[in-house]
Amino acid sequence: QLSSGQRLSVPSDDPAAASRTLSLQRILAAKDQFKTNIQTDRSFLSTSESSLSSVGDALVQARQLLTAGIGNSTTTAGKQASATQAASLVQQVLSASNSQFRGRYLFSGSDGSQAPFTLRADGSVQYNGDAGSLPTQIDAGQYLSANVDGQTALSALSPTFGSDINPALALNSKLSDLYGGSGVAPQQIVVTLSSSGTPQTIDLSSARTMGDIKTQIENVLGT
């Protein structure tokens with residue numbers, strides 16, 4: 001000890017003290033890792049904020065573009081230029097929404113390995129992620145979500161429909177299934193036959209299917 005300046009040369013010199021030393025070293029190593037985790041999460045969230053800012057800027061430009069195109073004064077060339085600019089804004093939003101940080105996609109939810117958004121052939125955008133989170137340990141027994149998923153940031157998940165959103169029209173088709181599941185609320189209609197010229201009011205408010213509408217019209221018109 002006098003020559004080396006060290007109280008312990010090997011753990012067997014003082015097993016209890018050696019055990020306490022190793023325990024303290026593990027605690028310090030864990031604290032260092034927690035600090036690294038927090039710094040990484042801050043950078044991750046900062047990158048997410050920057051990407052969302054880019055999305056917001058594109059949406060502002062899109063709103064301005066829409067407002068400028070209202071009315072009949074816009075020429076065909078102007079409309080074509082607006083369409084080109086709108087397509088560019090879509091790509092800007094798509095690119096920002098698919099941003100990465102250290103190889104991990106920001107807005108894909110619990111799986112950061114896949115791009116959350118893809119542009120489909122019909123022009124719609126598909127969300128491939130979920131509403132999950134990526135918890136990070138910031139202290140002993142404490143975890144914090146380190147990401148903002150696509151649903152929270154961009155409302156990427158559509159509501160689940162409980163009915164056929166594109167039904168083939170038939171007599172048994174429900175009116176509540178029409179217009180993509182939004183439904184139709186039938187009301188009164190006025191029908192004038194060319195033979196009589198007299199308008200007939202038909203109350204369709206009780207109809208639930210296309211067949212109900214057909215029956216009610218036939219009952220009033222006598223067809």
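A contact here means heavy atoms within 4.5 Å of each other. With that in mind, begin with the whole chain of this predicted model: among the contacts whose separation is 6 or more, residues 24 or more positions apart account for 40%.

Keep the whole protein selected and colour it by secondary structure, which shows four helices and eight strands. Followed along the sequence, these elements run in the order α-α-β-β-β-β-β-β-α-β-β-α. Switching to a surface representation, you are looking at about 14900 Å² of exposed area, of which carbon and sulfur atoms supply 53%, while buried residues make up 22% of the 223 residues.

Next, select residues 15-68, which form helix 1, and within that helix pick out Gln39. Is Gln39 buried, partly exposed or exposed? Its relative accessible area is 44%, and because partly exposed covers the range between the buried limit of 20% and the exposed limit of 50%, Gln39 counts as partly exposed. Add Ile138 to the selection and draw a distance between the two C-alpha atoms: Gln39 and Ile138 lie 99 residues apart along the chain, and their C-alpha atoms are separated by 9.9 Å.

Then move to strand 3, residues 117-119, where Leu119 is found. Leu119 has a relative accessibility of 37% and is therefore also classed as partly exposed. Finally, extend the selection from Leu119 to Val90 and Val125, since these three residues form a nonpolar patch on the surface. Together, Val90, Leu119 and Val125 present about 220 Å² of accessible area.

Technical notes. Residues numbered from 1 in each chain as written. Predicted model: local features only at pLDDT ≥ 70, side-chain atom pairs only at ≥ 80, totals over all residues. Heavy atoms only, no water. Helix = DSSP H or I, 4+ residues; strand = E, 2+ residues; numbered from the N terminus. Buried < 20%, exposed > 50% of the residue type's maximum accessible area, 1.4 Å probe, protein only. Areas by Shrake-Rupley, 256 points an atom, 1.4 Å probe, with all protein chains shown as cover. Patch = residues over 30% accessible without salt bridge, like charges linked within 9 Å, V, L, I, M, F, W, Y side chains within 5 Å. Salt bridge = Lys/Arg side-chain N within 4 Å of Asp/Glu carboxyl O.
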